[in-house]
Amino acid sequence: MDVALALKGLQFKIKGVPQSTLNKDITDRPDELFQTLGIAAKWSVNATKDSILFDPCLRKLVNESCGTFLSGQKLSQSLGSGGDHAPDLLKLSRRYRSIIRVCRNNLYEIIESSQQDLGKLNSYYFANVLDKIELIWHLCEILYVDVVPGDIVLPQLLEWIRFHFPEGERKAATILETGADRVEAGFETAGSEKDPEYWKTVIGVLLQGRIDVTRALLVLHSDAKTTPFQHADVCLRTMPLYNIYGGTSVTVFNAQWTRWQADVRSKIEEGVFESNLDLELIMKIIAGDVTVMDTIRNHCNVWYQLMTATLFFSEPTVKSFDLSYHADHAMRAFGSNNDIQDLDKLILLLLESNLLEVIQELQKTADNGWFAVHLTNLLYLCGRLNIFDSNKVNVAHQLHEHVLLDYGTMLMSHHSLWQVGVSYLDHCPPHGLERLEILLPAIPLTSEARAFKIMQMAHERRLDSVVTTICKVMASKSLRQDRLGNALAWALRSTDANLTNHLADRFLEGFADKGEFEATDLLDNLGSCMLVSDRLTFLGKYCEFHQLYKSNNLKAAASLIVSLLSSHLPPKNFQLILLTQCIPLLECRELIFSANDTDILLSCLETLETELLTQVDSCSVSKSLDAATKEKIQLIRFSLARNLSRAIIIEGSDIPNTNSRMVNVS
Amino acid sequence: MDDRIQGTFISEKISKVRWKPESGFESYHFVTGSWDNEDLNRVTLWSCPGEGIDEKDDPCMVCEKPITGDVTELKFVQNDQFLVSTSSSSVELIKIVGVGDAASTVLKPIVSWDKLHPFKTGELGACTGFATFLTDVATIGENGSIVSLNLEKRQPIRIIESADSCSLRCVLYLRHSEILTGNLRGQMKKWDLRVADDKPHMTFMLSGDQVSLSATCIAQHPTQQHTLLVGGEDGSITVWDLRQTSYAVPLAAHSGLVSEMIFHADRPEHLFSTSSSGEAWHWDTSSVSRSVRPNQNTPWTGFDPLQNENPWLNTDAVKHRLNVVSLMPTLHKGINSVDVNKDKAVVGCDNEAVYIITDVLNSRM
């Protein structure tokens with residue numbers, strides 16, 4: 001076996017796996033420290049308000065995975081149209097895993113550079129959770145996303161174990177490296193067995209299915225050239241390895257396998273390896289000898305490692321539906337502690353294909369459903385989520401929606417991540433939109449910039465009621481801040497007649513008090529907006545009157561005020577003010593109001609007076625108007641009368657029509 | 001995504017992003033300002049991997065400074081000094097000290113002007129932006145006031161209390177002492193800061209029919225200063241010629257609020273615009289400008305250079321020749337800011353990421 005080649009393969013594999021050994025001092029005693037600090041070291045804690053997702057480092061995970069989630073949704077639209085989407089879905093799954101991995105690596109970097117013990121511990125805790133998430137995600141990917149033809153899962157499972165327990169391979173790499181150096185330096189043999197970890201490492205990589213590395217390590221043994229070692233190498237070299245795309249059928253392979261194992265067993269019985277006990281042990285392992293079970297167990301950290309190791313030497317073509325049996329078996333064989341950790345439970349559930357319980361368990365994890373929502377979504381996209389209720393109806397869709405709703409709502413409650421939450425709620429029809437309609441207006445409108453963002457989101461989703469609500473809230477907020485102009489600007493956007501009526505009244509009140517308008521820059525430029533409500537139309541027109549009056553366009557001002565008074569627009573309490581404002585126009589040197597106009601004004605005055613009198617009658621004891629009003633009415637009437645006489649004379653002398661002739665006659 | 005785009009997640013939503021100017025040389029530092037954080041927002045200085053280093057490396061954080069309130073505008077006034085305005089009604093001048101050595105670089109506050117835009121009730125309103133002209137600064141606020149500052153003076157020079165009855169959303173110096181503001185309803189006002197009375201000397205509406213849509217940002221053509229581009233809430237970009245006050249036709253551009261527009265400082269024929277609908281666009285008018293640029297070697301072609309040299313004022317005629325390309329694929333969250341330096345663009349987004357895009361000019365020629 002070529003040592004260099006094996007080494008190269010290993011280094012390639014190890015690259016990208018960060019050296020967690022650097023933080024050994026923390027990793028060795030986390031539980032103890034967590035306990036003293038009162039932090040639950042269990043990876044499943046009750047979801048608290050302060051989700052770990054809101055940690056700055058994990059926010060990257062939230063945001064980046066949201067992008068992946070959305071590209072998944074885009075993909076789902078094309079799923080119905082046929083074609084093979086398996087590679088795309090696998091890519092999606094890998095992208096999620098790489099996001100987790102990057103985030104986890106960032107956390108380890110923080111742990112290394114951080115000075116504070118508490119910050120370090122938190123980061124360590126988060127990294128620990130992410131490690132477990134990735135372990136499970138990877139297993140899901142193997143079992144449900146990246147399904148191989150023939151359902152021969154063991155090669156992938158071994159890959160999974162190798163990826164998450166890289167210590168064996170890492171140690172093998174160092175041994176191979178020093179060995180190769182010694183050979184290069186001219187030593188006759190590498191003598192690697194002097195390394196106290198040598199045999200442990202050999203067995204470790206063997207149990208992870210790295211036959212090539214095992215052989216490379218054996219070559220570095222001082223006795224590598226002796227007969228037992230030569231025999232062992234032959235055995236290992238001839239070991240049949242199942243390759244899905246190799247063209248061998250499972251039956252043929254199994255026959256080859258049995259023959260090869262029988263061959264190895266007979267060699268052991270012949271005592272070929274007796275001279276070296278360690279070597280004999282290795283041969284017993286590959287022969288599937290049950291007597292070495294205990295040894296195998298001692299070399300495994302966890303039960304699923306034991307499961308894959310024993311399967312590799314007893315049933316290499318195991319199908320995924322048999323896994324739950326083997327898992328159970330391995331768990332019992334691994335034994336030692338009876339209490340099953342959450343992680344073990346999840347793996348067991350996955351191997352049993354009990355996805356509903358997996359998702360239920362995941363929702364309890366410390367990441368506030370991040371994992372549950374993305375995994376559920378992926379499985380849903382893959383069409384692997386088939387969960388039946390008591391009536392045998394597939395409720396996968398409901399489950400998917402429920403998980404999305406939960407996660408989206410949780411994010412919406414966050415001060416800054418609410419925008420991400422919206423993306424998830426977008427993809428759970430029909431309840432998502434309903435929920436958005438409730439949640440969007442509930443976001444505090446701290447600034448106009450924020451209001452614009454929320455409005456835009458509502459607008460894009462055609463949630464017009466939300467847009468209106470936000471405008472109204474902004475209007476009343478402006479009003480509270482004593483900014484009538486801004487309040488009106490927002491009220492106009494809401495196109496709410498009551499609100500604009502109210503604001504227009506406030507403007508008019510202000511005018512009645514001070515004799516001038518606030519926010520003329522806005523009122524003079526209302527344009528078609530003034531049609532939102534009657535009162536606003538009046539306000540707009542009334543401002544126009546003032547503009548005309550100021551610019552000395554008296555004729556136009558007069559006709560505007562006449563049309564205003566003859567319409568139903570002016571509020572009752574404003575009619576007198578309007579009529580009073582006619583006085584200067586009536587008293588102009590030049591005649592401005594025609595006889596007809598004056599008639600209209602006069603009748604307005606009469607109606608107003610009667611109304612005022614009846615009003616006074618009904619609610620007060622005194623039977624007459626107050627002096628000021630009385631005087632005003634008197635004054636207006638006087639002006640009107642004078643104007644009428646002037647008008648009749650001028651109109652009569654200028655225009656020879658029947659009306660004027662009648663005046664002349666009289 | 002394509003090779004030229006490098007995204008980095010920075011764990012906070014970014015409202016502004018600016019390259020640190022290097023007197024016309026290529027810049028390797030940029031500053032981001034964040035918004036919508038629960039307690040404190042931040043301005044952060046980042047360094048980009050320069051030449052010789054693997055281009056694929058993420059930008060690294062050099063140093064940061066907490067800011068109260070959302071960052072609403074950020075602009076450099078010198079190579080190592082920038083101004084930042086906040087939603088908590090203040091403007092602060094910050095100096096980057098010791099940029100040579102990353103470990104000892106700090107963002108040092110120099111001057112801070114607080115409580116610039118209070119409402120009548122005493123409550124503080126957001127400072128929504130500012131414009132600069134040499135050492136002069138004009139800030140605008142949600143309370144509708146304009147405050148004129150000078151970098152060398154601690155007290156405001158002038159305050160136009162009720163410049164606008166609505167919130168002011170954008171501002172620009174047209175020339176020294178003359179500014180243009182845009183408000184919540186798209187009403188634009190021109191102010192001469194030397195004139196004592198608090199009245200604008202010109203007012204016009206962004207859209208002709210007075211439908212109230214907010215003006216969101218203004219950009220002035222770097223060389224032809226009478227050309228103004230105003231971005232609107234509906235995603236439209238309106239081009240104004242200040243020499244004529246006639247009504248301009250808005251260009252239907254983005255599908256959401258135009259968050260920022262910026263002309264390339266050295267190559268004014270390139271414009272960059274971003275929107276809250278997740279678009280970042282590069283408008284290349286060089287093909288239009290070049291075809292009509294009077295050339296000494298070629299005979300007079302009959303074009304009237306004054307009429308045609310500026311494609312922005314003649315968009316109807318050159319519409320089919322305006323080259324608009326996306327800087328990056330449309331994002332699922334809003335893009336709030338863009339800045340260009342030489343051949344690199346940086347954009348800041350609501351998905352808590354900054355994207356650095358290289359080769360923005362060359363590859364598209």
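**Note on the predicted model: chain B sheets and the nonpolar cores**

1. Of the 365 residues in chain B, 61% are buried. The model is a predicted one. A residue counts as buried when its relative accessible area is under 20%. The accessible surface of chain B amounts to about 14,800 Å², and carbon and sulfur atoms hold 50% of that surface.

2. On secondary structure, chain B has 28 strands and three helices. Among the contacts in chain B with a separation of 6 or more, 49% are between residues 24 or more positions apart.

3. One sheet in chain B is open and has four strands, in the order β6-β7-β8-β9, with antiparallel pairing. Its edge strands are β6 (71-78) and β9 (106-113) of chain B, each of which pairs on one side only. On average, neighbouring strands in this sheet are turned by 25 degrees against each other, direction ignored.

4. Within that sheet, β6(B) pairs with strand β7 (residues 81-86) of chain B through six bridges, in the antiparallel sense. Across this pair, Leu83(B) in β7(B) is the residue that stands opposite Lys75(B).

5. Another open sheet of four strands in chain B follows the order β10-β11-β12-β13, also with antiparallel pairing. Here the edge strands are β10 (127-133) and β13 (158-160) of chain B, and each pairs on one side only. The average turn between neighbouring strands of this sheet is 20 degrees, direction ignored.

6. In this sheet, β10(B) and strand β11 (residues 136-141) of chain B run antiparallel and are joined by six bridges. Phe130(B) has Thr139(B) in β11(B) as its bridge partner. As a general matter, strands of a sheet pair through backbone hydrogen bonds, either parallel or antiparallel.

7. Turning to the cores, the largest nonpolar core has 211 residues, and the members that touch the most others are Trp303(A), Tyr304(A) and Leu440(A). Helix α6 (residues 117-145) of chain A contributes the most to this core, with 16 residues. At least three residues of the core come from each of domain 1 (167-318) and domain 2 (552-616 + 626-649) of chain A.

8. Which residues does Trp303(A) touch, not counting those up to four places away in sequence? They are Ala327(A), Ala330(A), Met331(A), Phe334(A), Asp344(A), Ile347(A), Leu348(A) and Leu351(A). Apart from the largest core lies another core, of 19 residues, and its members include Ala280(B), Leu331(B), Val347(B) and Tyr355(B).

Definitions and conventions
Residues numbered from 1 in each chain as written. Chains lettered and ligands numbered in written order. Predicted model: local features only at pLDDT ≥ 70, side-chain atom pairs only at ≥ 80, totals over all residues. Heavy atoms only, no water. Pairing = 2+ DSSP bridges. Helix = DSSP H or I, 4+ residues; strand = E, 2+ residues; numbered from the N terminus. Axes fitted to C-alpha atoms, helices over the stretch in contact; angles between N-to-C directions. Buried < 20%, exposed > 50% of the residue type's maximum accessible area, 1.4 Å probe, protein only. Contact = heavy atoms within 4.5 Å. Areas by Shrake-Rupley, 256 points an atom, 1.4 Å probe, with all protein chains shown as cover. Core = buried A, V, L, I, M, F, W, Y, C linked by side-chain atoms within 4.5 Å. Domains from an automatic or database assignment.
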